[in-house]
Amino acid sequence: MHGVRNGVCEYLENACNSVLSEDVSSFTQQLLILMSLVPMGIIVVFPLPTSFVYNTENYYKLYDIISIALWPDYTCPRPNTMRIATLDERSLSTARGFFFPIKKGHANRWKGTIDQIVKSSDLTQGIPLMNGLIIPSKINSIIISGNSGSGKSLGVQAISELLRRTPNTKMIYIDPKKSAGARWARGHPEVTLVIPEENERLEEYLIRVTQVLAKEVNKIFKVQNNLFHQSSKIDSNAGDIRQIKTWLVVEELEALEAFGTKKELEALFHQLLLISLLGREAYTNLMLSMQVPRNDILPVPIRSQMRCRIQLGRIDSSTTTYLFPDLDHIMMPYNGPGIGICDIDGMGVQPIAMPTITSN
Ligand SMILES: Nc1ncnc2c1ncn2[C@@H]1O[C@H](COP(=O)(O)OP(=O)(O)OP(=O)(O)O)[C@@H](O)[C@H]1O
Ligand SMILES: [Mg+2]
């Protein structure tokens with residue numbers, strides 16, 4: 001990696017000098033901050049020998065200083081692990097440093113009609129979660145969690161509304177509570193809505209949901225077979241055989257828990273697990289929403305497959321422990337309803353404010 005020095009580096013050195021002890025400051029040449037342009041990030045070097053230790057604790061201590069100091073001109077997603085940059089053409093004593101990926105600017109909450117949001121975005125690239133933050137179209141699984149009233153339903157609806165307008169995409173919407181999502185999907189006949197029928201026993205509904213999922217699993221195997229026969233590429237996906245994407249949305253997953261026996265639930269989670277494991281290449285995608293993705297509610301293998309994780313509402317160790325187990329705190333620069341944190345494809349945790357969609 002190649003690092004350059006600019007005004008931002010000097011500014012950050014001063015910010016760090018004030019917090020770190022004197023013997024590791026830039027005044028004594030014990031601290032050097034550089035900026036890398038590709039990939040974009042900040043490199044913090046402590047020339048050796050030094051009393052400073054390159055460990056996780058110090059990494060996140062510096063993250064706290066740098067992420068605040070750079071906001072709002074730059075966004076600094078919180079890396080999930082300590083990252084080290086290797087510097088080219090340097091003596092061994094300064095050949096590495098802490099690396100903090102950054103992005104220019106910061107994302108803003110969408111506020112407006114769905115048409116306005118769609119007009120300012122390119123849906124073929126992905127889901128525009130904020131103005132300046134997209135869930136890339138390669139992401140095939142999303143989980144949204146948060147306490148009651150945190151904005152899950154509105155968040156799922158905003159994403160669904162964007163998916164509905166995305167070319168070559170179809171949706172199956174499962175809402176056991178028959179609540180906001182069901183009312184939204186009802187207005188869109190192209191969305192397949194799976195809700196409990198009047199007079200249907202809850203257990204019967206659960207079995208019906210499992211059957212819907214099993215049908216999608218069968219489809220995955222068919223698509224994989226077609227890919228095997230029709231695609232000459234090794235790294236291929238269903239896009240190569242012009243398969244459209246299916247998004248399976250399951251709202252309030254934990255509500256289903258109360259609907260059936262242990263055996264029936266196992267059958268349901270078995271299908272969900274297969275979809276989360278096998279769906280990517282076959283273009284069968286999954287979006288789940290639930291209040292608390294506890295291990296006894298959402299099997300760990302399904303949870304660990306989720307590539308976009310969103311946690312809304314209160315952010316503390318009791319709420320982040322399942323989706324963001326390594327996170328103890330993060331700055332929150334947004335206000336109002338539907339705010340929280342997200343991690344897209346393990347790129348690091350960052351604050352978000354879900355879209356506020358107004359009617360036309
Ligand atoms: N992105 C948003 N923009 C504007 N208002 C929002 C947003 N998200 C949530 N709200 C407000 O918060 C209220 C609760 O949101 P929502 O129904 O989505 O919560 P929830 O997490 O689904 O709750 P529950 O678990 O009880 O279903 C909404 O009725 C709305 O007034
Ligand atoms: Mg809800």
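The following is a dialogue about a predicted model, in which a colleague asks for the grounds of each description.

Colleague: What makes the protein a structure of two domains, and where do they lie?

Modeller: The domain assignment gives domain 1 as residues 7-104 and domain 2 as residues 111-357. Their C-alpha centres are 36 Å apart.

Colleague: How many residues of each domain are in contact with the other?

Modeller: Nine residues of domain 1 touch nine residues of domain 2. On the side of domain 1, these comprise five nonpolar, three polar and one charged. A contact here requires C-beta atoms within 7 Å of each other.

Colleague: Let us turn to the smaller strand numbers. In what order do strands 1, 2, 4 and 5 stand, and what is their pairing?

Modeller: The four strands form an open sheet in the order 1-2-5-4, with antiparallel pairing. The twist from one strand to the next averages 40°.

Colleague: Why are strand 1 and strand 4 called edge strands?

Modeller: Strand 1 (32-36) and strand 4 each pair on one side only.

Colleague: How do you know that strand 2 and strand 5 pair?

Modeller: Pairing requires at least two bridges. Strand 2 (residues 41-45) and strand 5 (residues 96-101) are joined by four, and they run antiparallel; therefore they meet the criterion of at least two bridges. Ile43 stands opposite Phe99 of strand 5, and Val44 has Phe98 as its bridge partner there.

Colleague: What joins strand 4 to strand 5?

Modeller: Strand 4 (residues 84-86) pairs with strand 5 in the antiparallel sense over three bridges. Phe98 in strand 5 is the bridge partner of Ile84.

Colleague: Which helices accompany these strands?

Modeller: Helix 1 (residues 7-19) lies across strand 1 and strand 2, at about 145° to strand 1. Helix 2 (residues 56-70) packs on the sheet and touches strand 2 and strand 5, its direction making about 50° with that of strand 5.

Colleague: Why is Ser91 called exposed?

Modeller: Ser91 has 9 other C-beta atoms within 10 Å. A residue counts as exposed at 12 or fewer, so Ser91 is exposed. Ser91 is placed in the loop between strand 4 and strand 5. Its C-alpha atom is 9.5 Å from that of Pro47, although the two residues are 44 apart along the chain.

Colleague: What makes Lys222 exposed?

Modeller: Lys222 has 11 C-beta neighbours inside 10 Å. With the limit for exposed residues at 12 or fewer, Lys222 therefore counts as exposed. Lys222 belongs to helix 6 (residues 202-230). Between Lys222 and Arg309 there are 29 Å, C-alpha to C-alpha, and the two are 87 residues apart in sequence.

Colleague: What joins strand 8 to strand 9, and what lies between them?

Modeller: Strand 8 (residues 126-130) and strand 9 run antiparallel and are joined by four bridges. They form a hairpin with two residues between them. In the turn, Gly132 has a positive phi of about 115°. Leu133 in strand 9 is the bridge partner of Met130.

Colleague: What makes the side chains of strand 9 alternate?

Modeller: In strand 9 (residues 133-136), Leu133 and Ile135 point to one face and are buried, whereas Ile134 and Pro136 point to the other and are not. A buried residue has 20 or more other C-beta atoms within 10 Å of its own.

Colleague: Which strands form the open sheet of eight, and why is its pairing called mixed?

Modeller: The order is 12-11-13-14-10-15-16-17, and the pairing is mixed. In general, strands of a sheet pair through backbone hydrogen bonds, either parallel or antiparallel. Strand 11 (residues 169-174) and strand 12 run parallel and are joined by three bridges. Thr192 in strand 12 is the bridge partner of Ile172.

Colleague: Which helix packs on this sheet?

Modeller: Helix 8 (residues 262-282) does, touching strand 10 (141-146), strand 13 (245-250) and strand 14 (284-290). The direction of helix 8 makes about 140° with that of strand 14.

Colleague: Which residues come nearest to ligand 1?

Modeller: Among the 15 residues around ligand 1, Gly151, Ser153, Pro337, Gly338 and Thr356 come nearest. Helix 4 (residues 152-164) supplies the largest share of the shell, three residues. By class, the shell has five nonpolar, nine polar and one charged.

Definitions and conventions: Residues are numbered from 1 along each chain as its sequence is written. Chains are lettered from A and ligands numbered from 1 in the order in which they are written. This is a predicted model: local features need pLDDT of at least 70, side-chain atom pairs count only at pLDDT 80 or more; totals for chains, interfaces and linings use all residues. A residue is near a molecule or strand if its C-beta atom, placed from the backbone, lies within 6 Å of it. Ala, Val, Leu, Ile, Met, Phe, Trp, Tyr, Cys and Pro count as nonpolar, Asp, Glu, Lys and Arg as charged, and the others, Gly among them, as polar. Domain bounds come from an automatic or database domain assignment. Two residues are in contact if their C-beta atoms, placed from the backbone, lie within 7 Å. Axes are lines fitted to C-alpha atoms, for helices over the stretch in contact, and angles run from 0 to 180 degrees between N-to-C directions.
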